[in-house]
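Please look through the sequence and the model below before reading on. The paragraphs that follow take up a sheet, then a helix and two individual residues, and end with the chain as a whole.

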Amino acid sequence: MDNHTAKAESPPSERLLWAPWRLEYIRGIKDSDCFICDKRDDRNDDDRNLVLARGQESFLLLNAFPYNSGHVLVAPYRPRWIGDTNFMPVIGDTRVVPEALTDTARRLREAWEKEG
Ligand SMILES: [Zn+2]
């Protein structure tokens, strides 16, 4: 086991992947409802948008907040959902913890002190 994985309490077959950099995305101010639609529609700057290729029904892009290097997203031109939905629990028996424990502790301490 390395610094980025740990056994979950439950279920026993599921692992945890620590990806604290993802909280920047989850909590960040978003310019629009859907970054995939933004990148789909902006066909003038595939380099900045990390778009690798465009097909007839879908396009490929790099995840700007990856689980590992070279994390590629395959996005249909007609997305079915918005937000930070991921398939890690389904396809990898892995839940992603998007925040460092020290940051969670700091936020909880601040909330505790604020409530008195
Ligand atoms: Zn969309």
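In this predicted model, strand S4 and strand S5, the latter covering residues 72-76, run antiparallel and are joined by five bridges. Two of the residue pairs can be named: Phe59 has Ala75 as its bridge partner in S5, and Ser58 has Pro76 as its bridge partner in that strand. Towards strand S3, which covers residues 51-54, S4 is again antiparallel, and here three bridges make the connection. Within this pairing, Ala53 is placed opposite Leu60 of S4, and the link from S3 to S4 is a hairpin of three residues.

Taken together, these strands form an open sheet of three strands in the order S3-S4-S5, with antiparallel pairing. Because S3 and S5 each have a single partner strand, they stand at the edges of the sheet, and one side of each is left without a neighbour there. Between neighbouring strands of this sheet the turn is 20 degrees on average, if direction is ignored.

Which side chains of S4 are buried, and which are not? In a regular strand the side chains alternate between the two faces of the sheet. Along S4, which spans residues 58-62, the side chains of Phe59 and Leu61 point to one face and are buried, whereas Ser58, Leu60 and Leu62 point to the other face and are not buried. Phe59, whose bridge partner in S5 is Ala75, therefore belongs to the buried face of the strand, while Leu60, the residue opposite Ala53, points to the other one.

Just ahead of the sheet in the sequence, the loop between helix H2 (35-41) and S3 contains Leu50. The backbone of Leu50 deserves a closer look, for this residue has a positive phi of about 65 degrees although it is not a glycine. Leu50 counts as partly exposed because 15 C-beta neighbours lie inside 10 Å, and a residue would need 20 or more to count as buried.

A positive phi also appears at Gly116, just after helix H4, where the value is about 80 degrees. H4 itself consists of 15 residues, 101-115, and its span from the first C-alpha to the last is 21 Å, close to the 21 Å expected at 1.5 Å a residue. How many of the 15 residues of H4 are buried? The count is zero, and the helix is hardly covered.

Another loop residue, Pro20, is found between strand S2 (15-18) and helix H1 (22-27). Pro20 and Glu99 are separated by 79 residues in sequence, yet their C-alpha atoms are 4.0 Å apart in space. Once neighbours within four places in sequence are left aside, Pro20 is in contact with Pro98, Glu99, Ala100 and Asp103, and the last of these lies within the range 101-115 of H4. Pro20 is nevertheless partly exposed, because 16 other C-beta atoms lie within 10 Å of its own, and the threshold for a buried residue is 20 or more.

Seen as a whole, the chain has four helices and six strands, and along the sequence they follow the pattern β-β-α-α-β-β-β-α-β-α. Of its 116 residues, 7% count as buried. Among contacts between residues at least 6 apart in sequence, 47% join residues at least 24 apart.

How values were computed. Residues are numbered from 1 along each chain as its sequence is written. This is a predicted model: local features need pLDDT of at least 70, side-chain atom pairs count only at pLDDT 80 or more; totals for chains, interfaces and linings use all residues. A residue is buried if 20 or more other C-beta atoms lie within 10 Å of its own, exposed if 12 or fewer, and partly exposed in between; C-beta atoms are placed from the backbone. Two residues are in contact if their C-beta atoms, placed from the backbone, lie within 7 Å. Two strands pair if DSSP finds at least two bridges between them. The expected span of a helix is 1.5 Å times one less than its number of residues. Axes are lines fitted to C-alpha atoms, for helices over the stretch in contact, and angles run from 0 to 180 degrees between N-to-C directions.
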